[in-house]
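Welcome, and thanks for taking a look at this one with us. Here is a short walk through the fold, beginning at a single residue and moving outward.

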Amino acid sequence: MSEYDVIVVGAGFSGAVLAERFAKIHDKKVLVLEQRSHVAGNCYDYKTEHGVTVHHYGPHLFHTNNEEVWQYLSQFTKWTPYEHKVLGSIDGNLVPIPFNLNTLDALYPKEQAQQIEALLIEQYGVDGKVPILELRKSSHVLLQQLGELVYQKFFVNYTSKQWGCSPEEISPAVTARVPVVISRDDRYFHDKYQAIPSEGYTQLITNILNHSNISVHLDTDATKLVALNMNDQRLFFNGQAFNGKLVFTGMLDELFDYLDGELPYRSLQFDFETLAQAQYQAATTVNYPNEHAYTRITEFKHILNQPTTHSTIVKEYPQDYDRFDPAKNVPYYPIFNQANQERFEQYKQRVQAFENVITAGRLADYKYYNMDDAVGNALKIFNRFTEQGAA
């Protein structure tokens, strides 16, 4: 492996950005290993025969306030502006999510909605955000009832489906983050930059990796090639000592062959349908908190506003992750609790003993990242190594 200076495991955002930086800025020869048959990780997308761009692992909607991230990615793609709006199916009505003043008007009689709106503005101000946990404890009966309605109709059943647990097991800390928005701005995100790569995420990642110093090998399980010797902190690749850098963006428990036990995740099952109709629903995403086994339906053509005669939708079913089951072996969401965090920290300490191993990304950090977080963290990691003269 002497022909390579850096081995990158994973061709998602984190791996691609670090590969590109090492290749371009430090003129390193980089080998990227990806276990799937495609680049772009969970952001992988493709066009159907009817011209609809489909996100294979569920909708990915780029938004950021990070100027560095926006400027970096803009080297590799043109953008199509897109502001995400979500509807929720509540008692037979489709209403805006997150709960805002328009949602209030849709669910309450006019006079009562006006009364509650006045109370919200008086208590929390125009454009304010108030957690439903706070509303449920309000001294105002109407606000207390509003908090209870949002909790019961919008939050508790959706979260139970998402995380596979009973309402009693849902942490109050999770509830505390769910807001009522005192505004008529229906947008799901409010970041400065909101857009979708015009040619898709797969093409964006392909462009990032398109450097003469980078070689990409797909369908390659790197954990069967990489070995970390815990006795002398040496790194081996394909049976030979490797003195370059290893960038690892996969699961740390898998890297160490589950030595400290398995880190649990929630996974997702996707049920795709292509329909012989121009449009299926009024918004990109409609949430179903209280009905059906699925949590939401996404209709992809809304994202890039693609005028097609057919439409592709996907229903999303949360499920437990199982690495032995091909239908459940994609890890999406780390399950946060103290025991899991302590187990992750054990793996983190193990990997930190290896000076030439860099970990990055949501799996390696056992943390859910938005796409801009993943890119921003990768850039920070690279800059830190550069400043330390370690690259």
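## A buried tyrosine

In this predicted model, Y258 has a relative accessible area of 18%, and since buried means under 20%, Y258 counts as buried. You will find Y258 in the loop between α9 (252-255) and β17. Setting aside its neighbours within four places in sequence, Y258 is in contact with M251, D253, R323 and Y347.

How far apart are the C-alpha atoms of Y258 and D320? They are separated by 18 Å, with the two positions 62 residues apart along the chain.

## Strand β20 and its partners

D320 closes strand β20, which spans residues 311-320. This strand is mostly covered, with 8 of its 10 residues buried. β20 runs antiparallel to β17, and 10 bridges join the two. In that pairing, E273 stands opposite I313 of β20.

β20 also pairs with β19 (residues 296-299), again in the antiparallel sense, over 4 bridges. Here T298 is the residue opposite V314 of β20. As a general reminder, strands of a sheet pair through backbone hydrogen bonds, either parallel or antiparallel.

## The nonpolar cores

Which residues have the most contacts inside the largest nonpolar core? They are F13, V30, L73 and L209, in a core of 59 residues. The elements that give two or more residues to this core are β1 (6-9), α1 (13-25), β2 (30-33), α2 (67-73), β11, α8 (201-209), β17 (265-275) and α11 (371-387). Of these, α11 gives the most, with 8 residues.

F13 makes a good place to look closer. Leaving aside neighbours within four places in sequence, F13 is in contact with C43, L73, Y201, L204, I205, M371, A374 and V375. Apart from this core lies another, of 28 residues, which includes F248, L252, L255 and Y321.

## A threonine in α8

Helix α8 is also home to T202. Is T202 buried or exposed? T202 is buried, with a relative accessible area of 16%. Not counting residues up to four places away in sequence, T202 touches V39, A40, Y44 and D45.

## A three-stranded sheet

Strand β11, one of the contributors to the largest core, also belongs to an open sheet of 3 strands. The order is β5-β11-β6, and the pairing is antiparallel. β5 (63-64) and β6 (79-81) are the edge strands, each pairing on one side only.

Between β6 and β11 (residues 193-197), the antiparallel pairing runs over 3 bridges. If you would like a spot to check on screen, W79 stands opposite P197 of β11.

## Two crossing helices

Our last stop is a helix pair. The axes of α4 (residues 110-124) and α6 (residues 141-163) come within 10 Å and cross at roughly 100°. Angles of 65 to 115 degrees count as roughly perpendicular, and α4 and α6 are therefore roughly perpendicular to each other.

Which residues make the contact? From α4 come Q112, Q115, I116, L119, L120, Q123 and Y124, while α6 supplies L142, L143 and L146. By class, the contact of α4 with α6 has 7 nonpolar and 3 polar residues, and no charged ones.

Methods. Residues numbered from 1 in each chain as written. Predicted model: local features only at pLDDT ≥ 70, side-chain atom pairs only at ≥ 80, totals over all residues. Heavy atoms only, no water. Pairing = 2+ DSSP bridges. Axes fitted to C-alpha atoms, helices over the stretch in contact; angles between N-to-C directions. Parallel < 35°, antiparallel > 145°, perpendicular 65-115°, else oblique. Contact = heavy atoms within 4.5 Å. Nonpolar A, V, L, I, M, F, W, Y, C, P; charged D, E, K, R; others polar. Core = buried A, V, L, I, M, F, W, Y, C linked by side-chain atoms within 4.5 Å. Buried < 20%, exposed > 50% of the residue type's maximum accessible area, 1.4 Å probe, protein only.
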